[in-house]
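Trainee: I have a structure open on my screen and would like to learn how to read it. Could we go through it together?

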Amino acid sequence: MLVINPDFFPDSRGFFFESYSKEKYAAHGINSEFVQDNLSKSVKNTVRGLHYQAGEFAQGKLCQVITGNVLDVAVDIRFGSPTFGQHFSVELSGENHRQIWIPPGFAHGFSVLSDEAIFSYKCTARYDKLSERGIIYNDESLGIDWRVDDPIVSEKDLNAKSLREIEKDFFFV
């Protein structure tokens, strides 16, 4: 995982920042080709995830928030990794402009801390329904504090597997 704080230039008109530069991100070890951009809008207390794709459709994601505030969470699901099953979280917002790079081999999710949030992410592989996987957001073995009182979760996400039940789709190299 890598948290990125892009150069940000505010002025009386608003602001400008370069949200992606292939050359600059390659200097930080992100040499992936992005093939799909996704955008979601969610209301306060929404929890989306923990999602990942397996096999040839495994996705790296470069995530940022356009408006609002979220807690972004990534879980290492690379079997054999010394950090397998551990999670990392960071606040992303339309005000702090942080980005997070999540490489393939991690499940990803976020919770909305503001009244609403618009979340944007670039993916290194296209969405493939047959490769889609999920881990239930409230898996006790993960101990994630989503920082929401009454989570709003999709039926699909409520039916996701526990970490213990996932297939060995990713091996630590």
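Trainee: In which sense, and over how many bridges, do E7 and strand E10 pair?

Mentor: Good place to start, and keep in mind that this is a predicted model. Strands of a sheet pair through backbone hydrogen bonds, either parallel or antiparallel. Strand E10 covers residues 106-112, and one bridge joins Leu71 to Ser111 in E10. For E7 and E10, the pairing is antiparallel, over seven bridges.

Trainee: Which are the edge strands of the open sheet of five strands?

Mentor: Let's walk along the sheet in the order E8-E7-E10-E5-E12, where the pairing is antiparallel. Neighbouring strands are turned by 25° against each other on average, direction ignored. An edge strand pairs on one side only, and that picks out strand E8 (87-93) and strand E12 (132-134).

Trainee: Which residues touch the most other members of the largest nonpolar core?

Mentor: This core has 23 residues. Strand E5 (47-53) and strand E7 (69-76) are the elements that give two or more residues to this core. Apart from it lies another core of 15 residues, including Leu92 and Phe110. Back in the largest core, the residues touching the most other members are Leu50, Val75, Ile77, Ile135 and Trp146.

Trainee: Leaving out residues up to four places away in sequence, which residues does Ile135 touch?

Mentor: Leaving out those sequence neighbours shows us contacts with residues further along the chain. Ile135 is one of the core residues that touch the most other members. Its contacts are Gly49, Leu50, Tyr52, Ile77, Ala107, Leu142, Ala160, Lys161, Ser162, Leu163 and Ile166.

Trainee: What is the volume of the largest cavity?

Mentor: The structure holds one cavity of 30 Å³ or more. Its lining includes His51, Tyr52, Gln53 and Phe170, and E5 gives the most to that lining, with three residues. The volume of this cavity is about 50 Å³.

Trainee: And which element gives the most to the lining of the largest pocket?

Mentor: About 350 Å³ of space lies in that pocket. Of its 19 lining residues, Asn38, His51, Lys61, Tyr121 and Tyr127 lie nearest the centre. Strand E4 (36-43), E5, E10 and strand E11 (116-123) each supply at least two residues of the lining. With five residues, the element that gives the most is E5.

Conventions. Residues are numbered from 1 along each chain as its sequence is written. This is a predicted model: local features need pLDDT of at least 70, side-chain atom pairs count only at pLDDT 80 or more; totals for chains, interfaces and linings use all residues. Side-chain values use heavy atoms; hydrogens and water are left out. A nonpolar core is a set of buried Ala, Val, Leu, Ile, Met, Phe, Trp, Tyr and Cys residues joined through side-chain atoms within 4.5 Å. Buried means under 20% relative accessible area, exposed over 50%, partly exposed in between (1.4 Å probe, protein chains only). Helices (H or I, at least four residues) and strands (E, at least two) are DSSP runs, numbered from the N terminus. Contact means heavy atoms within 4.5 Å. Two strands pair if DSSP finds at least two bridges between them. Axes are lines fitted to C-alpha atoms, for helices over the stretch in contact, and angles run from 0 to 180 degrees between N-to-C directions. On a 1 Å grid over the protein atoms alone, a cavity is a set of points where a 1.4 Å probe fits but cannot get out, and a pocket is an open set with protein on both sides within 12 Å along at least five of seven lines; lining residues have an atom within 4 Å of a point. Grid points are joined across faces, edges and corners, and a volume is the space filled by probe spheres set on the points.
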